[in-house]
Amino acid sequence: MGGLTIQQLEQKANDIRKSIITMLEEAGSGHSAGPLGLADIFAALYFDILNIRPDEPEWPERDVFFLSNGHTVPVQYAAMAEAGFFDKDELLTLRKFGSRLQGHPEREKLPGIESTSGPLGSGLSQAAGYAYALQHIDNVKHRFVYVVMGDGELNEGNIWEAAMFAGKYKLSQLIAFVDRNNIQIDGNTEDVMPLEDLRGKWESFGWHVLEVDGHNIESIVDAASMGRAISNRPTVIIAHTIPGKGVDFMEYDYKWHGTPPNSEQAKEALQKLRTLDGKIVHEGAGI
Amino acid sequence: MSHYPLNPSVFDDEVKLEPIRAGFGRGLKAAGESNEAVVALCADLTESTQMHLFKEAFPTRFVEIGVAEQNLVTVASGMARAGKIPFTSSYAAFSPGRNWEQIKTTAALNNQPVKIVGSHAGVSVGPDGATHQMLEDIALMRAIPNMVVIAPGDSVEAEKATKAIAENGKPSYVRLAREKTPIFSTDESPFEIGKAYVLREGKDVTLLGTGTMTYQLLVAAQLLAEQGLEAEVVHVPTIKPLDEDTILASVKKTGRVVSAEEAQVIGGFGGAIAELLSEKLPTPLRRVGIYDRFGESGAPTELLEYFGLTGSKIAESVQAFIATTAQYHQW
């Protein structure tokens with residue numbers, strides 16, 4: 001992809017947020033906070049960072065993207081629809097019987113989903129396995145493997161097994177994002193199971209660590225570019241995000257982790273997103 | 001019945017013995033030679049699981065994962081997405097013992113051709129004791145949709161089974177034993193995923209064996225013949241998908257069934273046979289295997305004897321079963 005200005009990417013992120021609210025309200029269940037917090041990262045991924053062809057999901061030269069914390073998939077579906085993988089109307093089928101948009105993503109249901117995920121902790125090792133195949137078996141150097149993980153998910157041992165593996169094999173074609181939003185289901189990550197010193201943990205496993213404001217698209221894009229340039233280590237980008245970002249009454253509140261908006265709340269949320277919280281007088285079009 | 005060539009010296013005292021896992025080692029190397037997409041991943045047990053043959057032949061396609069079974073199967077899943085055919089190996093107690101959810105989600109639901117090879121299954125692991133004697137793997141694996149489950153009967157068949165799953169395009173589990181096991185098949189004996197084979201014909205009872213137990217059933221059938229009982233021995237290396245036609249055809253003829261496995265009968269091979277019979281052809285069944293308990297330390301032969309898994313012990317069970325059970329489907 002690529003070719004969009006930062007301002008256009010920000011608009012994409014806003015459109016993705018609107019889609020998230022609309023699809024979650026329609027679904028009547030699902031996760032709000034994580035997907036909203038990830039919207040800027042997904043706008044950056046699907047409209048700048050990833051070398052992909054939405055009309056050819058299995059394009060052999062593509063970059064590969066794994067979503068590890070599958071419960072945030074509404075943001076991926078919204079970004080994919082925005083990018084043209086499928087029609088935006090289909091977003092309204094999220095979580096419904098017969099839909100390709102399962103509550104947690106399934107590879108065989110929807111072209112463009114690289115792997116089935118939901119149970120936490122398994123995405124990083126799959127991405128690492130793919131990167132290992134490219135780098136050490138097939139000797140393909142121009143393709144990159146990206147993965148998004150949640151921070152709560154870093155409680156899982158499988159993540160650190162993968163971190164050790166990627167460090168050992170210097171998987172420089174692997175670029176991981178940690179959505180550092182500080183919340184998980186039972187509360188604040190540092191109360192549930194402390195993750196800090198998070199940077200130090202990754203560094204000690206042999207990773208190149210970058211930290212960005214996860215709502216500053218320019219720095220997200222720059223960090224990914226820096227990650228691709230690092231040739232002797234895998235890169236992890238710790239993206240500091242605000243859960244529920246863009247909808248003030250959802251922001252920072254872990255109660256929105258696994259809850260969708262009702263119709264009143266959705267209306268209010270869309271109003272805020274359409275007007276950029278009152279900064280724009282004339283509403284833009286919704287989905 | 002199509003002819004199944006048995007090893008001519010199968011009943012000799014000097015019958016050739018070989019660990020079933022040795023056949024896996026040879027099969028994997030052969031699969032690697034014929035298909036360069038085959039890769040191998042091991043969790044710090046390369047020689048125990050016989051992956052070293054592949055590693056020596058194809059060093060760049062072998063990946064050491066360390067003692068991390070969750071990572072073992074999930075890295076393999078990612079490699080499968082990249083077009084590889086990954087074989088993973090560890091002791092069955094750890095894979096699928098520890099990483100079942102990852103197998104279910106990232107291999108089976110994801111429908112990737114990840115191969116899970118569980119070595120050292122059953123009580124015949126011996127002195128290591130209950131923690132290392134995997135008895136629940138058949139139940140765990142056959143409950144997963146998309147999963148193929150195979151327990152080869154000897155090393156010759158393990159080699160064929162390994163080559164076969166390299167090409168079946170599906171997530172697959174192969175159960176291997178550690179100890180030297182008598183070789184009852186030959187290079188010419190057929191092996192096809194999903195097929196069961198009649199090794200010996202008989203009219204009084206059907207003996208269904210999987211894995212190491214098939215040899216013991218052949219021995220039991222010899223002993224029963226001396227008592228005037230003609231047992232039909234059916235070898236069922238593929239536990240899933242089950243060869244219902246071959247099994248039911250034999251059961252219709254004999255009207256009595258004994259299943260044998262070196263695993264928990266609850267949910268295991270015996271469980272699979274009970275499900276099949278009760279739905280398709282209700283028939284008295286006796287399940288030989290481990291009955292809802294853990295194993296323990298001991299010499300392999302001692303343990304097989306204790307748990308009633310030797311030919312002579314099985315012959316006794318079958319005799320007692322026949323003595324108290326009517327022959328169905330004969331009216």
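Here is a walk through a structure with two chains, A and B, taking each chain, their contact and a few odd spots in turn.

Before we start, keep in mind that this is a predicted model, where local features need pLDDT of at least 70, side-chain atom pairs count only at pLDDT 80 or more, and totals for chains, interfaces and linings use all residues. Residues are numbered from 1 along each chain as its sequence is written, chains are lettered from A and ligands numbered from 1 in the order in which they are written, and side-chain values use heavy atoms, with hydrogens and water left out.

Let's begin with chain A. You can pick out 9 helices and 7 strands in it; these are DSSP runs numbered from the N terminus, with helices being H or I and at least four residues, and strands being E and at least two. Its C-alpha trace spans about 50 × 45 × 35 Å along the principal axes. How does its radius of gyration fit the value for a compact globule? Chain A has 18 Å, which agrees with the value near 19 Å for a compact globule of 287 residues. (That radius is taken over C-alpha atoms, and the globule rule is 2.2 Å times the number of residues to the power 0.38.)

Of those 287 residues, 59% are buried. Buried means under 20% relative accessible area, exposed means over 50%, and partly exposed is in between, using a 1.4 Å probe and protein chains only. For contacts in chain A between residues at least 6 apart in sequence, 75% join residues at least 24 apart; a contact means heavy atoms within 4.5 Å.

Helix α3 of chain A, residues 73-83, is a nice place to see burial at work. Here 11 of the 11 residues are buried, so the helix is largely enclosed by the rest of the structure. Among them are Val73(A), Tyr77(A), Met80(A) and Glu82(A). What covers these buried residues? The cover includes α1 (6-27), α2 (33-49) and β1 (64-67) of chain A. Following α3(A) comes Gly84(A), with a positive phi near 100°.

Now hop over to chain B, which has 11 helices and 14 strands. The radius of gyration of chain B is 19 Å, close to the 20 Å that the globule rule gives for 331 residues, so this chain is as compact as a globular protein of that length. Picture its C-alpha atoms in a box of roughly 60 × 40 × 40 Å along the principal axes. Buried residues account for 64% of the 331 residues in chain B. In contacts with a separation of 6 or more, 80% come from residues 24 or more positions apart.

For one of the buried residues in chain B, look at Ala260(B), in strand β13 (residues 257-264). Its relative accessibility is 0%, so Ala260(B) counts as buried. Leaving out residues up to four places away in sequence, Ala260(B) touches several others, including Leu208(B), Met213(B), Phe269(B) and Val288(B). The C-alpha atoms of Ala260(B) and Ile290(B) are separated by 9.5 Å, and these two residues are 30 residues apart along the chain.

So where do the chains meet? The contact takes 27 residues from chain A and 27 residues from chain B. Between them the two chains bury about 2200 Å², with 51% of it on carbon and sulfur atoms. Buried area here is the accessible area (1.4 Å probe) that two parts lose on being put together, summed over both. On the chain A side, Arg107(A), Ile137(A) and Glu161(A) lose the most area to chain B, together 22% of what that side buries.

Finally, the odd spots in the backbone. Most residues other than glycine have a negative phi, and most peptide bonds are trans. Yet Lys170(A), not a glycine, has a positive phi of about 45°. You'll find Lys170(A) in the loop between α5 (157-168) and β3 (174-180) of chain A, and with 48% relative accessibility it counts as partly exposed. In chain B, Asp44(B) has a positive phi near 65° and sits in the loop between β2 (38-42) and α2 (52-57).

Which peptide bonds are cis? One joins Ser95(B) and Pro96(B), with omega about 20°, and Pro96(B) lies in the loop between β4 (85-91) and α4 (100-109) of chain B. Another runs from Lys240(B) to Pro241(B), with omega near 0°; Pro241(B) is in the loop between β12 (238-240) and α8 (244-254).
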